[in-house]
Amino acid sequence: MKLINIYQVTLKDLREVFSSVLIFGPMFGIPLAFAIVLPLLSIYIAVHEAANIALAIKLTNVSSALPAFKSIAFMEYFSINILGPITMTMPIITSAVIAADSFAGEKERKTSEALLATPLTKTELLLGKILASFLPAVIMAMIAFGIYGAIVNYLSFQQFHMFILPTMPWLLMLFAVPFLALAPISIVVLISSHVKGIKEAQQLTSLLVLPLLILPFASLLGLASLSALFMLYLILFLTIFDIILFCLSNVVFRRESLIT
Amino acid sequence: MTYPAVVVKNLYKRFGNTVALNDISFRSVNGVNIILGPNGAGKSTFLRCVMGLFKPTSGSVKVLGKKPYFDDMVRKKIAMLSDNYALYDFLTVKQNLKFFGNLYKLSNGQVYSKSLAILKELGASQFFNRKVVELSRGTKQKVAFCRAILNEPDVLLLDEPTAFLDASSSEWIRDFIVNYGQKKKTVLFVTQKLDEVSRFNSRLVILKDGRIIEDTTTYNIYAKIIKDSSVLIRFARPVTIAKLKHTGFKFEIMKGNTVSSAKFYINGYKDVNRLTEELIKNKAFILGIDYIEPLVERISGENG
């Protein structure tokens, strides 16, 4: 396996993605918009507008809970347990578009023959394609974490004259992004190599990314507490899962399926 | 280099219930090996098996002593130009060639200088920094040909390389193929056009329904192919029907008193000489002679 070959495939795919703003614009724009809009709106509303909203919808019993919305504990819980998982998963979901296109796109645009005719090994091909989706997902997640972290800190400083982030769970969440991204992207790339076209790949991708939403929903519903220990266990589980998945992908991946 | 470069033994290739290649055995010769056959004969599948893109259902394919489907490194010494240009539309010509060249361990400088020299010969160097999507089909074919020869492969596989090209570029490519074959390289050239075959003096393999039905040379096939056939003769000046009748050959023409071309029925390739002599004698100025396709299907039918 030659790293330079993997790099060449990844670079080529990324060049294709960045060849048009119509391709990369929404892919980067959506997670970044979420990273800006979601903390601004939710925390601002909770801190400044909760009383007015409770009044408007005639929820008198909420008034007793209103002081809690203005506490540091609420802001910390909300930014880590609610905003964190959303910011973590959103870039992966949008990057899955590249993964879905990886082999299915080559097949549909009839470039797979030329690609397979090169001395690339199947491991190099697979890794090159996975990295082309993985890198944007991780980079986007880092940027999104940076933005939403800065916004949360700005709001908390205004309210409490102190910065909330980073905390250990928050840092571990950021550290978990590559491990969380690798599994769905590997599966989508593998699916992409076995389907006939991009549409099929995208349909299946939309189903596959659904499990990713478990994390934000479990956190939202209080089923999972995103503590430092939880994040460590999650990283450990994902590392093992990613390794098994890649080994399986390498076995299942057939060069011939890209041209038949 | 191992000789013969391509050795195929009892190759079967099946897609579901369809048998694409049926017991093919083939040993390449140095230089140009033309593979001729009608549509659906299995020519492209054969080429893809040699390239290592398809895994043989049974039998074996060896290129330079290695099995290309299983040995990734041997593909460093093989290159293929497929029947579609297979370039990345949203990358520039330069980026496309750089990507493929780098995979063959060529430096950027080598890729640029080599490809610019080839593209200049083909009249396409001005498109070097343009995106492939903006190019005409013919220019894409030129770039694809450039990509195929960039790594100077020992075995060059070409699937209809002159399709979509203008006459001068086609001629340049044919000259290149002949010269390349003389450098102890092996070229497998797939075509379905007899017109293309007639421009080479080389080994000729005819495929039909996934089988090799003839293994001969280009000069040997005319007696079979141009038998009870027809040729289209184009004239530099209009010719009267009376002059055509004087030739003694049966012919078909468009309606009118004079014609600029006529389809003549001939019994064999030797009739072409007799026919042209008669026409010249009758003061007709011949501009060109075209074989009426599909002659390839005819020979396949006779032998199949």
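## A buried helix, a two-chain contact and some unusual backbone angles

In chain B, nine of the nine residues of helix α1 (residues 43-51) are buried, so this helix is largely enclosed by the rest of the structure. Here, buried means 20 or more other C-beta atoms within 10 Å of a residue's own, exposed means 12 or fewer, and partly exposed lies in between, with C-beta atoms placed from the backbone. Helices (H or I, at least four residues) and strands (E, at least two) are DSSP runs, numbered from the N terminus.

A word on the model: it is predicted, so local features need pLDDT of at least 70 and side-chain atom pairs pLDDT 80 or more, while totals for chains, interfaces and linings use all residues. Residues are numbered from 1 along each chain as its sequence is written, and chains are lettered from A in the order in which they are written.

Back at the helix, the buried residues include Phe46(B), Leu47(B) and Arg48(B). Gly52(B) follows α1(B) and has a positive phi, near 90°. Two residues other than glycine also have positive phi:

| Residue | Phi | Location |
|---|---|---|
| Asp23(B) | near 55° | strand β2 (residues 18-27) of chain B |
| Ala86(B) | about 50° | loop between β5 (78-81) and α2 (93-103) of chain B |

Asp23(B) is partly exposed, because 14 C-beta neighbours lie inside 10 Å, whereas Ala86(B) is buried, with 24 other C-beta atoms within 10 Å.

Now to the contact between the chains: 21 residues of chain A and 24 residues of chain B take part, where contact means C-beta atoms, placed from the backbone, within 7 Å. On the side of chain A that touches chain B, α1(A) gives the most, with five residues.

Note on methods:
Contact = placed C-beta atoms within 7 Å.
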